[in-house]
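Colleague: Could you take me through the pockets in this one? I'd like a close look at a single part, with some context around it.

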Amino acid sequence: MKLKAVALAALLLAAGPASAEVKIALDTKPDLETSGSYNWAHAFGEALTAAGMEVREMPRGSIGDEAEKLDQLSIGLLEVSLSDVRSVGQIDPFIYGVRLPYIFDDVAHMYRALAAGKVIETVNEAIAAQDVKLLALVPLGPSSGIITTSQAVRAPADMQGLRMRALDDAQIALYQSWGAAGVIVPWSDVPAGLQTGIVDGYLNSAFVPIMFGQTDIVKNFADAGVIIPLRAVMVSKGWYDGLSDADRVAVDKAVETANAATRAWLDRVAVTSLEALENAGVTVQRLSGEERAAFRDLSKKVYTSGLMPEDAVKRWTDLTDSTR
């Protein structure tokens, strides 16, 4: 992959020397209404610009896929990337704890747990040898719900017979705990999979069908609050370590500014994201606490399925229990 990253260097350097600007690789369209990760990137970039740094946003997909972005970070061709959590997890699987179903009560709980457990610092010790650094974990939107093409879902029994798009084996195990089947499908193939019936739905935040133009395909959203969909803000460790003291302070402050901006956005869209789905023709199933509990209780099977080491699961559950 690093050879492919080198081949992309000409694109990245076309507008001038790499050291002259901070390139931020986006993961979604630059839409402040629907994308939590873009709210983060926008606030981060504005804070850096105010500090006298030159910033350039790189559109989603313009400099390669997740593996290629990671390679470019590691060799210093790219400074900042809104990346999939798997980009971190393939180096340090401990990070996958953030994707355990119902591990967090809400985003505020997540931030408390990350801070109390010094999770980002711990992960950075593990990934430093790859010349990358994790700056933040950013919610893409409100907690994930169950998105389907036809079957309305209010209870695990409604999942029987459905084939759901999965990110990985962990999500397959989650669907199986609910009585459904899972199949790993790349995100780029999801629209075709939904239209052809290869999959009947997927798990994600309410804004995602709107953001990716899928509201003519998916017709139901169950507000199950399963997982907080996250992006990992990855940076080139060589770039970060090579900053002047003043610029490094500016970057660290920009992270705090961007985190605050994203949390404020999440507070605003907790209700409006569901309304936006309904306005686009998607039926929303607003689950009660009791209905969510039925999914939560079954989901705990994933914790002991062997997909994460037992000691790592215990570290995460102890941490989140102590910060509730």
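How many nonpolar, polar and charged residues are there in the lining of the second largest pocket?

Modeller: Bear in mind that this is a predicted model. To your count: the lining of the second largest pocket splits into 16 nonpolar, four polar and eight charged residues. That makes up a wall of 28 residues, and those nearest the pocket's centre are Asp105, Asp106, Val107, Ser143 and Arg292. As for space, the volume comes out at about 570 Å³. If you want to trace the wall by element, go to α6 (107-116), α12 (245-279) and α13 (289-299), each of which supplies at least two lining residues. The top contributor is α12, with six residues.

For context, here's the other pocket. The largest pocket has a volume of about 920 Å³. Its lining has 40 residues, and Glu66, Asp84, Arg86, Leu167 and Arg231 are the closest to the centre. Here the elements giving two or more residues are α4 (66-74), α5 (85-89), β8 (201-204) and β10 (230-236). Of these, α4 provides the largest share, four residues. By class, the lining of this largest pocket holds 21 nonpolar, nine polar and ten charged residues.

So much for the context; back to your pocket. When you open it up in the viewer, you could start at the centre with Asp105, Asp106 and Arg292, which are among the residues nearest to it, then follow α12, which gives the most to the lining.

Conventions: Residues numbered from 1 in each chain as written. Predicted model: local features only at pLDDT ≥ 70, side-chain atom pairs only at ≥ 80, totals over all residues. Heavy atoms only, no water. 1 Å grid on protein atoms, 1.4 Å probe; cavity = no way out; pocket = protein on both sides within 12 Å on 5 of 7 lines; lining within 4 Å. Points joined across faces, edges and corners; volume = space filled by probe spheres on them. Nonpolar A, V, L, I, M, F, W, Y, C, P; charged D, E, K, R; others polar.
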